There are 2 protein chains.
Amino acid sequence: MPEPEPYRSGDKPYHHGSLRAALLAAAERTLREQGVEQVTLRELARQAGVSHGAPSRHFRDRQALLEELAAVGFARLGDGITAATEKTGGDFAARLRAAATAYVRFALDNPALLELMMTGGGTDGREPAAKVYQRPYLILKELIRQGHESGELRPGDPERLLLIIMATFQGIAGLVSSLKMPLEQAEALVADATTLFVGGPAGGS
Amino acid sequence: MPEPEPYRSGDKPYHHGSLRAALLAAAERTLREQGVEQVTLRELARQAGVSHGAPSRHFRDRQALLEELAAVGFARLGDGITAATEKTGGDFAARLRAAATAYVRFALDNPALLELMMTGGGTDGREPAAKVYQRPYLILKELIRQGHESGELRPGDPERLLLIIMATFQGIAGLVSSLKMPLEQAEALVADATTLFVGGPAGGS
DNA sequence: TCTACAATGTTGTCAACGTCTACATCGCGA
DNA sequence: TCGCGATGTAGACGTTGACAACATTGTAGA
């Protein structure tokens, strides 16, 4: 079965039309299905039906493409967390849990992409990837402010609380992802952690 | 006229003698100094003063070498945590903190190695790298049992508490590592988290 | 002592990759 | 119309992982 090209199917135009987007899409698919190692410029070019040199017109090098892909991931993750918290009612714990759940869900749905986002794909520290935390950082910061204001969150230095909470959720996401934990159990873990931060007992006893 | 001289310093014997260890050592150094991408079989062979095909006698392929390197890391991390908890006095919180501190210290001292341990270096899911957690898992499990026995740890299902604690410490290690946080601040974070689990208020207020 | 063998290292080769350069084709605005 | 910049093509080069054929060495047993 022929690959369903979005534009024209039979004759190939000299110019692709949206090669950049096509390369990123192919990259994400390949990353998900075969891992970073298989995300090669030549392979993406093949998938896009284009010569092996073409990608260089859109991405300086392989690393640049991976960073762009990671950026897409950042945006989607941020959107997911924002949407989750915004559509959740006023209860502080529920919103905190919603944010964490969105994070964990992303980790389970996009393990390879999340890994890419955290490690930068390559190694040339060109991007220390502290960026993963930026969006969640701001969202959580605001959430914590609200929690303190309403008295629903245990007192304490907001900055330090923020770091612990972020670390915990980040850790849960990583744990859940590398243990391939079922979503149900992952959410239970999130619920426990949330309860812990808000002040109640943990462990569901 | 043949030369019956056994060895001379300066002339290279045909057999290296301990090539496997030399390759692993070179791999760890290169990983630390230049990142995973630079850990190439040929480069390691060069560093060991050996031909480019020699490594294949000791490691099936590059991935196998990286996994071996990760295993070395697991062992060292486990030893570090065990040593830290064992040499710390009876107080539960102190021992929990000691374990976490050892973890975080390892993360700060060996960022690239820890990353390799968690991601498996490659991507071919040949090793889901849930191994990182095995040693800490057992150690923490025992610690939690003791904490519950002595009543120093807040009550709750041990399994769930274990997961949360592991996730948190794992998260702190990752956060600290990718944010290149100074050790001092990292330890404060660990102290906060420990206090939180033991039952007191967090945030150092 | 001699010899066959297993372990280890060397050399040569191949395909795939990233990257570079020279060239071809296209669309668009002066 | 025409020319120019953006985009894609084609080929080359050096590096890498992997493999196969061969060389060297220590050693166990005849």
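These are legends for a set of close-up views of a predicted model.

**View 1. Chain A from end to end.**
Let's start with the overall build of chain A, which has eight helices and zero strands. Walk along from the N terminus and the elements read α-α-α-α-α-α-α-α. Of the 205 residues in chain A, 39% are buried. Take the contacts in chain A with a separation of 6 or more: 63% of them are between residues 24 or more positions apart.

**View 2. Around DNA strand C.**
Here we look at the 21 residues around DNA strand C. The ones that come nearest are A:T40, A:D61, B:H16, B:S51 and B:G53. Helix α2 of chain A, residues 41-47, supplies the largest share of this surface, with three residues. Sorted by class, the surface near DNA strand C has 10 polar, six nonpolar and five charged residues.

**View 3. Around DNA strand D.**
Now for the other strand in this set of views: DNA strand D is surrounded by 20 residues. Closest to strand D are A:H16, A:S51, A:G53, B:T40 and B:D61. Helix α2 of chain B (residues 41-47) gives the most to this surface, again as three residues. The class tally near DNA strand D is nine polar, six nonpolar and five charged.

**View 4. Inside the largest nonpolar core.**
In soluble globular proteins, nonpolar side chains tend to be buried together. The largest nonpolar core in this model has 107 residues. Those that touch the most other members are A:A99, A:Y103 and A:I172, along with B:A99, B:Y103 and B:I172. Zoom in on A:A99 and you'll find A:I81, A:A84, A:T85, A:I139, A:L140 and A:L143 touching it, leaving aside residues up to four places away in sequence.

**View 5. Where α1 crosses α5 in chain A.**
Two packed helices are described by the angle between their axes and the distance between the axes. For helix α1 (residues 19-34) and helix α5 (residues 111-119) of chain A, the axes come within 8 Å and cross at roughly 105°. That makes α1(A) roughly perpendicular to α5(A). From α1(A), the residues A:E28, A:L31 and A:R32 meet A:A112, A:L113 and A:L116 of α5(A). This contact has four nonpolar and two charged residues, with no polar ones.

**View 6. Helix α5 of chain A and its surroundings.**
How many of the nine residues of α5(A) are buried? Nine of the nine are, so this helix is largely enclosed by the rest of the structure. Among them are A:P111, A:E115, A:M117, A:M118 and A:T119. The buried residues of α5(A) pack against α1, α3, α4 and α7 of chain A, and also against α5 and α7 of chain B. Just past the end of α5(A) sits A:G120, with a positive phi of about 80°.

**View 7. A:L196 in helix α8.**
A:L196 has its place in helix α8 of chain A, residues 183-198. Is A:L196 buried or exposed? With 23 other C-beta atoms within 10 Å, A:L196 is buried. From A:L196 to A:L66 there are 130 residues in sequence and 37 Å in space, C-alpha to C-alpha.

**View 8. B:R29 in helix α1 of chain B.**
This last view picks out B:R29, which lies in helix α1 (residues 19-34) of chain B. B:R29 counts as partly exposed, with 13 C-beta neighbours inside 10 Å. B:V39 is 10 residues away along the chain, and its C-alpha atom is separated from that of B:R29 by 9.2 Å.

Notes:
Residues numbered from 1 in each chain as written. Chains lettered and ligands numbered in written order. Predicted model: local features only at pLDDT ≥ 70, side-chain atom pairs only at ≥ 80, totals over all residues. Near = placed C-beta within 6 Å. Helix = DSSP H or I, 4+ residues; strand = E, 2+ residues; numbered from the N terminus. Nonpolar A, V, L, I, M, F, W, Y, C, P; charged D, E, K, R; others polar. Core = buried A, V, L, I, M, F, W, Y, C linked by C-beta atoms within 7 Å. Buried ≥ 20, exposed ≤ 12 C-beta atoms within 10 Å, placed from the backbone. Contact = placed C-beta atoms within 7 Å. Axes fitted to C-alpha atoms, helices over the stretch in contact; angles between N-to-C directions. Parallel < 35°, antiparallel > 145°, perpendicular 65-115°, else oblique.
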